[in-house]
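Trainee: I'm new to this one. Can you walk me through a few spots?
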Amino acid sequence: MSEYDVVIIGGGAAGLSAALVLARARRRVLVVDAGAPRNAPAAHLHGYLSRDGLPPGELLAAGRDEVRGYGGTVCDGNVAELIRCGRSGFAVLLSDGRRLSARRLLVATGLRDELPDIPGLRERWGRDVLHCPYCHGYEVRDQQLGVLGGAPGSVHYAQIVRQWAADVVFFAPSGTLTNADRSQLVARAVGVVEGAVTRVLVEDDRVCGVQLDDGRVVRRNALFVPPRFVPNNDALLGLGCDIDADGWVVTGANGQTSVPGVWVAGNVANPRAQLITAAGEGSAAAIAINADLVDEDVRIAVHDFNQGFLP
């Protein structure tokens, strides 16, 4: 069985940032990554200082190289099971049969986007069907934009999208707008189209509009869709980590969970974390994990010294 100080599950910005800090702290660290990053459909990442416009895959490749440069290990694989061993140790079983041991765990498995079941929508996801105006708004600025309503908070979401273009249409399911919603949208010249969107239309490999259930077609160059965020937290649930009423893991300082020895970072616990935020959370969690390991190292050293074992 391979032994590590820390096994990190998830090799995105959060996991690799944590691995870099821990490897530089001279910890034995392993990153296990399933190879399915959430931002894979996007051509470029934005809002990441000094890396704005970089293809997401290049950021991850550079991060892997940096971790390995300090002696950390990154491997492709899926975690099949996590087992608590003793007070704070863990066995990590991979789907290919490999078995690892870890003194501490960091789970950075992210989340998945559950999208409305509208033909043509998923195929354009991350290209010109978008969810984060801060990530993609500038690239579609001053174009004809649409916002799919219906989700909680979608009216406010449309008001945020309005920051990037003057021509914004809010598609509202019939009967869902309140008078206050309508007046706020009209006050900022956000168009309102009521009815059910039944299809996303594409011409020349670009979104060109949407079709409604009554046959109307509304031309748009890009669509913003607030998805339902679902955390990839099966591993955390299997360990018995506490979750809140919405299904998100409960965390303390720097991502510590209710299970001793287990931390989280990034979108698996924080749906609002952008790439740069997730990287910062990974770094903070890594510092907390190393401090926790140092405390344990001190306890072990004192015990051994009292038993007559010299370092």
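Mentor: Sure, here is a short tour of some residues.

Mentor: This is a predicted model, where local features need pLDDT of at least 70, side-chain atom pairs count only at pLDDT 80 or more, and totals for chains, interfaces and linings use all residues. Residues are numbered from 1 along each chain as its sequence is written, and side-chain values use heavy atoms, leaving out hydrogens and water.

Trainee: Okay, where does leucine 212 lie?

Mentor: Leucine 212 is in strand S13, residues 206-212 (strands are DSSP runs of E, at least two residues, and helices runs of H or I, at least four, numbered from the N terminus).

Trainee: And is leucine 212 buried or exposed?

Mentor: Buried, because its relative accessible area is 1% (buried means under 20%, exposed over 50%, partly exposed in between, with a 1.4 Å probe and protein chains only).

Trainee: What is leucine 212 in contact with, leaving aside neighbours within four places in sequence?

Mentor: Its partners include Phe171, Val193, Thr198 and Val218 (contact means heavy atoms within 4.5 Å).

Trainee: New topic: how many disulfides does the count come to?

Mentor: The count is 0 (a disulfide here is a pair of cysteine sulfur atoms within 2.5 Å).

Trainee: Why no bond for cysteine 241?

Mentor: Because the closest cysteine sulfur, in cysteine 85, is 15 Å from the sulfur of cysteine 241, too far for a bond. Cysteine 241 is also buried, at 7% relative accessibility.

Trainee: Last one: which helix holds valine 302?

Mentor: Helix H7, residues 275-306. Valine 302 is partly exposed, with a relative accessible area of 45%.
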